[in-house]
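Me: I'm new to this structure and I'd like a close look at just one part of it. Please pick the salt bridges and who takes part in them, and go slowly with the terms.

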Amino acid sequence: MPLVNIDNVHKYYGDNHVLKGIDLRIDAGEVVSIIGRSGSGKSTLLRCINGLETYSEGGIIVDQMEVTDDDSQIRKLSKSVGMVFQHFNLFPHLTVGQNITLAPKLVRKLSAEEAAETAREVLQKVGLQDKFDSFPGELSGGQQQRVAIARSLAMRPKVLLCDEITSALDPELVGEVLKVLETLATEGMTLILVTHEMNFARDIGDRVIFMHQGKVWESGEAKAVFANPQTPELQTFINAVL
Amino acid sequence: MDYNFQFSELWPYTNLIVDGLLWTIALTLITTILGCLLGTLGAAARAGRNKLLKHLVGAYVELIRNTPFIVQLFFIFFGLPSIGIKLTAWEAGLLAMVINLGAYSTEIIRAGIEATPKGQLEAARTLGLSRVQTFIRVVLPPALQTIYPALTSQCIIVMLGSAVLSQISVQELTFAANFIQSRNFLSFEVYLVVALLYLALAVLMRQLFKVVHYYAFPNLRARK
């Protein structure tokens, strides 16, 4: 059974049909990049996977849990699905350590020591072990995003959703964040990324999903998709971004 | 102008003035704490999902913000006994002040809550925090940071408003002034001194709020 099973998902914003029957199966350990123009529905699809957006038809099952907009179901899902956002969304009034330990303590019911231990471990992973007591406002964008990744990891998710996580960063800071993702990918973390980093999608990703007009327009093994686009839409897109 | 200033005539009343000042400080301190607490609960209710509660709190806020404080005070002190609720002047005054600050701070804190970026809520939701946990741990602290200056001002306004309690014989600072003035008719001297004391108290309060701010919001101190 795949870790993420998306079955014929439709979504409407009013009359606007933004997802038109998405079918997608993602296995544990896969690194899947969702690419496409803005407005193609890729972020919406990603946000449906952890219940941040509701869908109108079809079904999504993650880690054998059905995704619904029910609050208690979303709390359950939070233990399996992590998410990193474009704008980091760190809690500004909490230190890095507090940001990371908050959910493990409140949701996973870890003791303060266990949570702090976890925090140090995930901070180590993103290379920021010395920032435990810093506030987000003291960090660069790249560092903040790495903390946000660490915060997600502390919940021990089985899949990490990344919603354009390098788009808000200064160009020179993109590399350090991608490097963290690369490490996670090598360690076998399941990653689903909406991204404009085509090189990353091609070189690190296992699979690429090209979305166009609310549909999975084309998909396949990452390098092959970039080397041999089958549709003129993907061809145009690749020419525009690469 | 041939008025002969007689500030020294106030000396015999020092005790009265100090007592009044202490009453004013005590009333203000208790009101600030209870009023802000009430305001936080009110703001939470207004941001919450319970429609009935939301509208009840809305009605409370509008009722208090659109009626004179002295009328609220008189209603509590003179009106409520008619339905069997008898309060001492001190209790009635404190209650009126808390209810008053509660209404204004509800609106102020609500504004801070509404300024919460959507991303903060999404992050909290994604991490699995419940609505209550999200409110207390994620929404409220930055909201209070945002509206802190407005809340400070409101608490000072309520402190100054406590002067009205003299009308139901709560022996706070203005009551003391009225009393002294009725004895020696030195209105200029008495009210000038008392006005300066209120001014000093307001300045002191503002400083005190700054100290609290410093310790309550360490993230604002830390900047690269």
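Reply: Let's begin with what gets called a helix: a DSSP run of H or I that is at least four residues long, while a strand is a run of E with at least two, both numbered from the N terminus. What you see is a predicted model, in which local features need pLDDT of at least 70 and side-chain atom pairs count only at pLDDT 80 or more, whereas totals for chains, interfaces and linings use all residues. Residues count from 1 along each chain as its sequence is written, chains are lettered from A and ligands numbered from 1 in the order in which they are written, and side-chain values use heavy atoms, without hydrogens or water.

A quick stop in chain A, to get used to the names. Helix α1 there runs over residues 42-49, and seven of its eight residues are buried (under 20% relative accessible area; exposed is over 50%, partly exposed in between, with a 1.4 Å probe and protein chains only), so the helix is largely enclosed by the rest of the structure. Which residues are the buried ones in α1(A)? They are A:Lys42, A:Thr44, A:Leu45, A:Leu46, A:Arg47, A:Cys48 and A:Ile49. After α1(A) comes A:Gly51, with a positive phi near 85°.

Now over to chain B, where you'll spend most of your time. Chain B has eight helices and zero strands, which gives the pattern α-α-α-α-α-α-α-α when you read along the sequence. Its C-alpha trace spans about 75 × 55 × 30 Å along the principal axes. Of its 224 residues, 45% count as buried. If you want a residue to find on the way, try B:Val203 in helix α8, residues 187-216. B:Val203 is partly exposed, at 45% relative accessible area.

On to the salt bridges themselves. The term covers a side-chain nitrogen of Lys or Arg within 4 Å of a carboxyl oxygen of Asp or Glu. How many salt bridges does the structure hold over all chains? The count is 18.

Take the one that B:Arg125 makes with A:Asp71, where the closest N and O atoms sit 3.2 Å apart. This pair crosses between chains: B:Arg125 belongs to helix α5 of chain B (residues 118-126), and A:Asp71 to helix α2 of chain A (residues 71-77). Are these partners buried or partly exposed? B:Arg125 has 27% relative accessibility and counts as partly exposed. A:Asp71 is partly exposed too, with a relative accessible area of 28%.

Next, stay inside chain B and find B:Arg46 and B:Glu107, whose side chains meet in a salt bridge with an N to O distance of 3.2 Å. B:Arg46 is in helix α1 of chain B (residues 14-47) and B:Glu107 in helix α4 of chain B (residues 89-114), so this pair ties together parts that lie 61 residues apart in sequence. Their surroundings are worth a look as well. B:Arg46, at 22% relative accessibility, counts as partly exposed, whereas B:Glu107 is buried, at 15% relative accessible area.

For a bridge inside one helix, go to B:Arg65 and B:Glu62, with 3.9 Å between the closest N and O atoms. Both lie in helix α2 of chain B (residues 51-65), three residues apart, about one turn of the helix. An α-helix has 3.6 residues a turn, so residues three or four places apart point the same way. B:Arg65 counts as partly exposed at 33% relative accessibility, and B:Glu62 is partly exposed with a relative accessible area of 36%.

Here's where those pieces join up. Which residues are linked in a network of salt bridges? The members are B:Arg46, B:Glu62, B:Arg65, B:Glu107, B:Arg110 and B:Glu114. You've already met B:Arg46 with B:Glu107 and B:Arg65 with B:Glu62, so to speak, as pairs; the network takes in both of them, along with B:Arg110 and B:Glu114.
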